Amino acid sequence: MIHVAVRVRELVSSNIDAMINNATHPAKSLGLLRSEVEETLISLHNELTMTKRQQERTQSHAEKLRTEAETWTAKAKIAVDHGREDLARAALLARDNGMADAAAVQEEAAQLTKDVAELDAAIADLDAKRTDIVARAARLALGSQAVSPGGHAGIGTRDSRTARRLDRIDELERRLDFNESVPAEGSEAAIANADAEIAALSQASAIDAELEAMKAASKKLS
């Protein structure tokens, strides 16, 4: 899709007036440009469809993970009621880990939602370019290459927005197609390890406190 994003940028920023003025056969050149735009639109629509499906699957997976994680709290209470603190602790740990997994997947779903919006915007910009090409071709057929009043109004701004959107698409594709992780080295690795250990200690303290609360509640009921 990276090559598609690059092509969209080129098409949206192309100068139709210059092309008409410099072309030996302006009508033919406009026809070729329109074909390229329409082919690129097809590619973008396909990418949009796939991204929407991926977003829906990811969102569904996040909700499933969250629901599964939540069941461990009830299981921990059952274990406490039967005097199995070890099982209760394991259940609470499984719940916390499950919630962390669900949050990570939810973040991915949120990013995909943004990607859908970026693709929608890029398609809208390319549609506007196609409309411009069709209008120029119609005027050319009537023997007029004059630019209609306001014909260039907002083009620079729109192109700038499109460039930013397509940069975002490029970034998305690099993440999906070349998903490389760079391991931390030296002091960065030490900081990462320390942070992970502190997080584990914090989690253990929270679980201890919750277990004590569960045991206290269980004693009151017995």
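Read along the sequence, the protein chain follows the pattern α-α-α-α-α-α, with six helices and zero strands. Helices here are DSSP runs of H or I with at least four residues, strands are runs of E with at least two, and both are numbered from the N terminus. Keep in mind that this is a predicted model, where local features need pLDDT of at least 70 and side-chain atom pairs count only at pLDDT 80 or more, while totals for chains, interfaces and linings use all residues. Residues are numbered from 1 along each chain as its sequence is written, and side-chain values use heavy atoms, with hydrogens and water left out.

## The chain as a whole

Of the 222 residues of the protein chain, 29% count as buried. Buried means under 20% relative accessible area, exposed means over 50%, and partly exposed is in between, using a 1.4 Å probe and protein chains only. Now take the contacts, meaning heavy atoms within 4.5 Å. Among those in the protein chain with a separation of 6 or more, 85% come from residues 24 or more positions apart.

## Two helices side by side

Let us look at one pair of helices. Helix α3 covers residues 26–81 and helix α4 covers residues 85–141; they pack at an angle of about 165 degrees, and their axes are 6 Å apart. The axes are lines fitted to C-alpha atoms, for helices over the stretch in contact, and the angles run from 0 to 180 degrees between N-to-C directions. α3 and α4 are therefore roughly antiparallel to each other. That word is used for angles over 145 degrees, whereas under 35 counts as roughly parallel, 65 to 115 as roughly perpendicular and the rest as oblique.

The crossing of α3 past α4 is left-handed, a term for a near helix turned anticlockwise from the far one by less than a right angle (clockwise would be right-handed). By class, the contact of α3 with α4 has 34 nonpolar, 12 polar and 14 charged residues. In this count Ala, Val, Leu, Ile, Met, Phe, Trp, Tyr, Cys and Pro are nonpolar, Asp, Glu, Lys and Arg are charged, and the others, Gly among them, are polar.

You can zoom in on T58, which lies in helix α3. T58 is buried, with a relative accessible area of 9%. Leaving out residues up to four places away in sequence, T58 touches V105, E108, A109 and L112.

Another residue to find is L140 in helix α4, which counts as buried at 16% relative accessibility. L140 and A27 are 113 residues apart in sequence, and their C-alpha atoms are 7.1 Å apart in space.

## Salt bridges

A search of the whole structure finds 10 salt bridges. A salt bridge is a side-chain nitrogen of Lys or Arg within 4 Å of a carboxyl oxygen of Asp or Glu. Here are some of them:

| Acidic partner | Basic partner | Closest N to O distance |
|---|---|---|
| D208 | R89 | 2.4 Å |
| D96 | R95 | 3.1 Å |
| E210 | R95 | 2.8 Å |

Start with D208 and R89, which form a salt bridge. D208 lies in helix α6 (residues 187–221) and R89 in helix α4, so the pair ties together parts that are 119 residues apart in sequence. D208 is partly exposed at 34% relative accessibility, and R89 is partly exposed at 32%.

Next comes R95, which is buried, with a relative accessible area of 12%. One partner of R95 is D96, and D96 is partly exposed at 22%. Another partner of R95 is E210. E210 lies in helix α6 and R95 in helix α4, so this pair ties together parts that are 115 residues apart in sequence. E210 counts as partly exposed at 24% relative accessibility.

Salt bridges that share partners join E85, R89, D208, E212 and K215 into one network. Within it, E212 is found in helix α6 and counts as partly exposed at 47% relative accessibility. How far apart are the C-alpha atoms of E212 and E85? They are separated by 9.7 Å, although these residues are 127 residues apart along the chain.
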